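Open the model in a viewer and keep the sequence panel visible. The stops below can be selected one after another.

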Amino acid sequence: MANTAPSPAILLFLPLFFSLANSQSFIGVNYGQVADNLPPPDSTAGLLKSTSIGKVRLYGADPAIIKALANSGIGIVIGAANGDIPSLASDPNAATQWVNANVLPYYPASNITLITVGNEILTLADQSLVSQLVPAMRNLQNALNAASVKIKVSTVHSMAVLTQSDPPSSGLFNPALQNTLKQLLAVLKDNKSPFTINPYPFFAYQSDTRPETLAFCLFQPNSGRVDSGNGKLYTNMFDAQVDAVHSALSAMGFQDIEIVVAETGWPSRGDSNEVGPSLENAKAFNGNLINHLRSLVGTPLMPGKSVDTYIFALYDEDLKPGPGSERAFGLFKTDGTMAYDAGLAKSSQQTPSTSPKTPVTPAPNTSGWCVPKAGISDDQLQANIDYACSQGIDCGPIQPGGACFEPNTVASHAAFAMNLYYQTSAKNQWNCDFSQSATLTSQNPSYNACIYSGGGN
C-alpha cells in the first residue's frame, strides 16, 4: 500500500491557509539599526503597514520607531540591552524607571507585546551576566505587573544552548546551564511568557554543504529525514531545529511553554569564500518559510499551529562587523523596494522557489498540468508528495476513499499532488520543477471522478 497520505492533523488545518487575511500575527521581522542609511521611522512604519508582517522586533527601545508604529496594530517587541541587566537585577526601582521611560509613554497606542532582556546571554563568552539575567527578568516583569501593563518578558537564546539537537526528539539543553534554565523557565511559565530562540538553517547548511542538505534547509523537495527516536518525518531544517528546542523543554518538564523564533533568515550575498549566500537561496528560504507558516501545518511535534517567527531582517545593516553575509540579510532595500519577492506584500499569493539554481524569470499563468517525468524513483516522488502536501493544498483526494486514491501508487498520487501544488501557486516555471523531476503536459491527466485542476491560461 503506497505511503502517500499526509496525517489527518495536517489535512485538518490545511484549508485554513486559504482564509488567512492581510496581516498575519505569526509573521514578524527584525528591525536592526546597525546602519547609517536607514529611512526615517515614519517611512519604515508605512512600509510595514503595506505588508502582511504582523510584528516587528527592535533590539532596543527607540522612541521614534515605537511612536511611528502607534495605532498601526503591528505588534512590537522591544529590548533591554545587555548593559541594562546589572541595574535591572540589583534594583527593582531601576526596573520601574525602565518601564516608565520605555513603555508607559507609548503603550497601549503602540502595541508593545514583549520585552526581551539581553541577547543570547547564556552562551556569551563572558558569563558575568548569567547570574543576573533571571533577577533582571523578574524585576522587569514585576514592574510591568505593578503598572497593570499586560506585556510579557523573555530573553533570546542561540541554538548553542542545546548540546544535542539531532534527531529532534533527542534535543537537550547544555547541562552546565541547567540550574539557570530551571529558574528562567519557571519565570516564563509563571508569567505565560515564551521561550525565544534563534534557529538558522543557513548556519546548519554551512556546516554540511551537501546538495540534499541545501534542499532540506530551503524547504525544497527532498527525501526527508526520519527521527530515529519517534519515527516522525522531517522535510525541512527549520521544523527540526524548532522541535529540538521543544524536546529540550519537555525534557526539563516545561513542554507547555510557547516557543517563539526571535530570528531566522538567509543572506542574499556574502564574501567569495562563504557557502550558501545568494539572492536565489534567500528568496527560496524566506519565501518557502512564509508559505510554511501560512499553511498552519506546524511542526511534527507541534502540529496545527504556526510558531511566531521573526525573520531577520527588515533591511541590510551596512555597519555590521563580520563576513559580508552579516550585512546582507535584508528583505527590503532602504528605499522601500523589495530586495526580492518573498511573498510579504498584502496582495501576494504563495510563490515559493523550489530550486535555488532555477532561473527566476517569471513565466506566470503557464497552461497545462504538472506531472512527474518518466523514470523518476518512488523515493523522489514520495518526497514530492510530502513537500506539496505540506504547503497548504488539499491532499484529501489521494487518501483512502478519495476520488484519486486509486490507483494506489506513488506515481499516481504524486501526479495529483504535484499538479495541485502547481495550479495553486503562481505557476512560475520553478513551481513545476520538484528538483527537476516534473514537467508540464498539455494532456489532461484527469480520469473517472479524479479531476486534475488546471489546463487553461
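Select cysteine 432 in this predicted model. Its relative accessibility is 8%, under the 20% cut-off, so cysteine 432 counts as buried. Now add cysteine 370, which forms a disulfide with cysteine 432, the sulfur atoms being 2.1 Å apart. Cysteine 370 sits in strand E13 (residues 369-372), whereas cysteine 432 is in the loop between helix H13 (410-424) and strand E14 (438-441); the two are 62 residues apart and link distant parts of the chain. Cysteine 370 has 0% relative accessibility and is therefore buried. Looking along the S-S bond, the torsion is about 95°, so this disulfide is right-handed.

The structure has 3 disulfides. Next, select cysteine 389 and cysteine 395, whose sulfur atoms lie 2.0 Å apart in a disulfide. Here the torsion about the S-S bond is -95°, a left-handed link. Cysteine 389 is buried at 2% relative accessibility, and cysteine 395 is buried at 0%.

For the remaining bridge, select cysteine 404 and cysteine 450, joined S to S at 1.9 Å. Cysteine 404 belongs to the loop between helix H12 (378-389) and H13, and cysteine 450 to the segment after E14, so the bond ties together parts 46 residues apart in sequence. The link is right-handed, with 105° about the S-S bond, and both cysteines, 404 and 450, are buried. How are the bonded cysteines paired when numbered in sequence order? The pairing is 1-5, 2-3, 4-6.

One further cysteine to select is cysteine 217, which is buried with a relative accessible area of 0%.

Move on to helix H10. At its start, a side-chain oxygen of asparagine 236 comes within 3.2 Å of the backbone nitrogen of phenylalanine 238. Place a distance between the end C-alpha atoms of H10: they are 21 Å apart, which agrees with the 21 Å that its 15 residues should span at 1.5 Å a residue. Is H10 mostly covered or uncovered? It is mostly covered, with 13 of the 15 residues buried. After H10 comes glycine 253, with a positive phi near 85°.

Finish at the largest cavity, which has a volume of about 50 Å³. Select its lining: Phe238, Asp239, His292, Leu293, Gly298, Thr299, Lys305, Ser306 and Val307. Helix H10 (237-251) and helix H11 (279-295) are the elements that give two or more residues to this lining. Colour the lining by residue class to see 3 nonpolar, 4 polar and 2 charged residues.

Note on methods
Residues numbered from 1 in each chain as written. Predicted model: local features only at pLDDT ≥ 70, side-chain atom pairs only at ≥ 80, totals over all residues. Heavy atoms only, no water. 1 Å grid on protein atoms, 1.4 Å probe; cavity = no way out; pocket = protein on both sides within 12 Å on 5 of 7 lines; lining within 4 Å. Points joined across faces, edges and corners; volume = space filled by probe spheres on them. Helix = DSSP H or I, 4+ residues; strand = E, 2+ residues; numbered from the N terminus. Nonpolar A, V, L, I, M, F, W, Y, C, P; charged D, E, K, R; others polar. Expected span 1.5 Å × (residues − 1). Buried < 20%, exposed > 50% of the residue type's maximum accessible area, 1.4 Å probe, protein only. Polar contact = N/O pair within 3.5 Å; in protein donor to acceptor, adjacent residues only side chain to side chain. Disulfide = S-S within 2.5 Å.
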